[in-house]
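Walk through this fold with me, from the overall counts down to single contacts. Keep the viewer open as you read.

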Amino acid sequence: MNNDLRARVSGVVVDAGHGGDDPGAVSNGLREKDFTLEAAKYLYQRLKELGIPVAITRDTDRTLSREERINTMVNSFGNGRDVLVLSNHINSGGGEGAEIYYPLRNNDELASMILEEIGNAGQKMRGTFQRRLPEDPSKDYYYIMRDTPNTQSLLIEYGFIDNANDVKKLQNNLLDYVEGVVKAVAEYADVPYTPPTENGSSGRYTVKKGDTLWGIARQFNTTVDALRTLNNLTSDVLQIGQVLILPGSEEDQETMIYTVQKGDSLWKLANQFGTSVAAIRELNNLTSDILRIGQTLQIPVAGNNVEESILYTVQKGDSLWSIANRYNTTVNAIRTLNNLTTDVLQIGQVLRIPGKPTESNPSGRTYTVQTGDTLWKIANQFGTTVDQLITLNDLQTTMLRPGQILKIS
Ligand SMILES: [Zn+2]
């Protein structure tokens, strides 16, 4: 019996923030509840693999009442200090990076360890904080701390859903950050940490004793340079247990997370995102082509390079179509790059646009033709003339179509 009474951690309750009717923070068609579910399920699975007793508040997209959530937190392993509650969240409201909240009753030891590992995994670290209830500052602001009297209840914010850099990181690296949480918890609980096993993803290799970059390159039919670049290695010295990404693997390509909507099919998604059904199947290890609403899929994204995109703030009258035209791209490309699940844009919304802006009209204003518009009406509205509009836009006809973009001098 390995029943250590002095165990620092007797159990971990993993909480997937929000869920069901409560999407949490929403931005650009992305929903916090989808990220938190993905993070929580992974965290639960990994802690289980390490042999740490673990429970989860929800493992599907369902609505949890406050009571139900708290019940799982305080009843799974009791309500002692040796019980960790890890509530997974995505931030919003302006900012970038990860932050952790911990209860007034605790010090920040565990919170700091977790934040540091998330930082090691590549995310910006904002800090660890406590937050007090405004109407009673002796109490915690978050009910997951207030209503769990003794447990170490932490709220982990992995990044901001309304920050373009963070969105990209959350879509590509969220599980790396969660793996950081796994490491920190293992260290805190004094449980030996082992990296994730290769569960079907042949694209990773875990360094074993005696391995060299050269040997691994040979084994996987690649080059030392390719391994160095792909893994951002600054040294050729490998550590046992270190996980390397292999060229040509799924991690070697940009992917995004997509939540299946009503009416979606693999074929439709493949078309929408400019990929193939086979690629989506392979990336997600799908054994069936039947999709469930709410299911999250990884979608391969080709040529989705941040350096080659610009930021555009949506103006009144903009549509995906008008923006695509203006920047010489396609509606699909903008949808993909921004992981849009709807074509409805909000004024002020920031979009990533592939490529560079055309120089044809760098500072001039544009106008999107509305139903019922005529050249005469638009000319009047903008204090110009029909002739000027015709010349400026090289119009062959005075007939306008709604959605058409006109340059206005
Ligand atoms: Zn949240």
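A residue counts as buried here if 20 or more other C-beta atoms lie within 10 Å of its own C-beta, and as exposed if 12 or fewer do. Values in between make it partly exposed. Apply that to helix α11, residues 331–338: six of its eight residues are buried, and the helix is mostly covered. The buried ones are A333, I334, R335, T336, L337 and N338. Just after α11 comes N339, with a positive phi of about 55°.

Now step back to the whole chain. The model is predicted. The protein chain has 409 residues, and 33% of them count as buried. It holds 13 helices and 18 strands. Take the contacts between residues at least 6 apart in sequence: 74% of them join residues at least 24 apart.

Next, the sheet. Six strands form an open sheet, in the order β4-β1-β5-β10-β6-β7, with mixed pairing. The edges belong to β4 (54–56) and β7 (125–129). Each has a single partner strand, so one side of each is left without a neighbour in the sheet. From one strand to the next, the twist averages 15°. Look at β1 (residues 11–16) and β5 (residues 83–91): they run parallel, joined by six bridges. One bridge to find is that of A16, whose partner in β5 is N88.

Two helices pack on this sheet. Helix α1 touches β1, β4, β5 and β10 (152–160), and its direction makes about 150° with that of β5. Helix α5 touches β1, β5, β6 (98–101) and β10, and its direction makes about 155° with that of β10.

Consider α1 by itself. It covers residues 32–49, 18 in number. From first C-alpha to last it reaches 26 Å, close to the 26 Å expected at 1.5 Å a residue. Is α1 enclosed or open? Of its 18 residues, 13 are buried, so α1 is largely enclosed by the rest of the structure. G51 follows α1, with a positive phi near 85°.

How do α1 and α5 meet? They pack at an angle of about 35°, and their axes are 9 Å apart. The crossing is right-handed. On the α1 side, the contact is made by F35, E38, A39, Y42, L43, R46 and L47. On the α5 side, it is made by L170, L174, L175, V178, E179, V181, V182 and V185.

L175 deserves a second look. The C-alpha atoms of L175 and A39 are separated by 6.4 Å, although the two residues are 136 apart along the chain. L175 has 17 C-beta neighbours inside 10 Å, so it counts as partly exposed.

Finally, the nonpolar cores. The largest has 54 residues, and the members that touch the most others are L43, I114, L154 and V181. Which helix gives the most to this core? It is α5 (residues 164–189), with eleven residues. Two of those central members, L43 of α1 and V181 of α5, also take part in the helix contact. I114 touches I100, L154, I156, V181 and A184, leaving aside residues up to four places away in sequence. A second, separate core has nine residues, including L320, L337, L345 and I353. L337 leads back to the start: it is one of the buried residues of α11.

Conventions: Residues are numbered from 1 along each chain as its sequence is written. This is a predicted model: local features need pLDDT of at least 70, side-chain atom pairs count only at pLDDT 80 or more; totals for chains, interfaces and linings use all residues. A nonpolar core is a set of buried Ala, Val, Leu, Ile, Met, Phe, Trp, Tyr and Cys residues joined through C-beta atoms within 7 Å. Helices (H or I, at least four residues) and strands (E, at least two) are DSSP runs, numbered from the N terminus. Two residues are in contact if their C-beta atoms, placed from the backbone, lie within 7 Å. The expected span of a helix is 1.5 Å times one less than its number of residues. Two strands pair if DSSP finds at least two bridges between them. Axes are lines fitted to C-alpha atoms, for helices over the stretch in contact, and angles run from 0 to 180 degrees between N-to-C directions. A crossing is left-handed if the near helix is turned anticlockwise from the far one by less than a right angle, and right-handed if clockwise.
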